Amino acid sequence: CCTVRQDLVQVLKDLAKSKSKFDAVIIETTGLADPAPVAQTFFVDDEIQGLYRLDGIVTMVDVKHAMQHFDEVKPEGVENESIEQVAFADRVLLNKIDLVDEATITAVERRVKSINSSVGLFEWVV
């Protein structure tokens, strides 16, 4: 049923055993990564579930290239990671809005909301 990142499980357990005190742990995945295995780590492993709480999933969407990624056709059985990331997200940061016109921003916002109607959208310029 579920895929769990064993490397992440070990790092989180080691972190909990360390003498360092922290208020939160932020896990960043690079590029178009499937968020499911990372999220499932917090629900499938009993020890991790007792030590940590998944507060939310934030996804950054490159507005200039978003539609290209959303429309990318994948082979059968392969998920479109850009759509998966938006579907899993609680919050989406719309990045590179300074590089496109208002119509493109609106189109991407609509597309994101069609994938995940409850997601919070935030414009972001980096």
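I looked up D55 and found it exposed, because its relative accessible area is 53% (exposed means over 50%, buried under 20% and partly exposed in between, with a 1.4 Å probe and protein chains only). The model I am reading is predicted, so that local features need pLDDT of at least 70 and side-chain atom pairs count only at pLDDT 80 or more, while totals for chains, interfaces and linings use all residues. I number residues from 1 along each chain as its sequence is written, and side-chain values use heavy atoms, with hydrogens and water left out.

**Salt bridges**

I noted that D55 is joined by a salt bridge to R53, with 3.1 Å between the closest N and O atoms (a side-chain nitrogen of Lys or Arg within 4 Å of a carboxyl oxygen of Asp or Glu). R53 counts as exposed at 65% relative accessibility. I then asked how many salt bridges the structure holds, and the count is 7.

I followed D71 next, whose side chain meets that of R111 in a salt bridge at 2.8 Å, N to O. This pair links distant parts of the chain, since D71 sits in the loop between helix 4 and helix 5 (81-88) and R111 in helix 6, 40 residues apart (helices are DSSP runs of H or I with at least four residues, strands runs of E with at least two, both numbered from the N terminus). D71 is partly exposed, with a relative accessible area of 47%, and R111 is also partly exposed, at 24%.

For K74 I recorded a salt bridge with E72, the closest N and O atoms lying 3.5 Å apart; K74 is partly exposed at 26% relative accessibility, and E72 is partly exposed at 38%. Elsewhere, K13, D45 and E47 are joined into one network by salt bridges that share partners.

**Aromatic pairs**

I searched the whole structure for aromatic pairs and obtained 2 (ring centres of Phe, Tyr and Trp, the last by its six-membered ring, within 6.5 Å; planes under 30 degrees apart are stacked, over 60 edge-to-face and the rest tilted). F22 and Y52 have ring centres 6.4 Å apart and planes at 10°, so this pair is stacked. F22 belongs to the loop between helix 1 (6-17) and helix 2 (36-44), Y52 to the loop between helix 3 (46-51) and strand 1, and they are 30 residues apart. I find F22 partly exposed at 37% relative accessibility, whereas Y52 is buried at 12%.

The rings of F42 and Y52 have centres 6.5 Å apart and planes at 85°, so I enter this pair as edge-to-face. F42 lies in helix 2 and is buried, at 8% relative accessibility. F22, F42 and Y52 thus appear in my notes as one aromatic cluster.

**Cores and contacts**

Which residues touch the most other members of the largest nonpolar core? I list V61, V63, F70, V92, L94, V108 and V112, out of 14 residues (a core is a set of buried Ala, Val, Leu, Ile, Met, Phe, Trp, Tyr and Cys residues joined through side-chain atoms within 4.5 Å). Helix 4 (66-70), strand 2 (91-95) and helix 6 (102-115) each supply at least two residues of this core, and its largest share, 3 residues, comes from helix 6. Apart from this core lies another, of 7 residues, among them V9, L12, V38 and Y52.

Leaving aside neighbours within four places in sequence, I find V112 in contact with F70, V86, V92, V119 and L121 (contact means heavy atoms within 4.5 Å). T59, in strand 1 (residues 58-62), is buried at 6% relative accessibility, and with its neighbours within four places in sequence left aside, T59 is in contact with Q85, A89, R91, V92 and L93.
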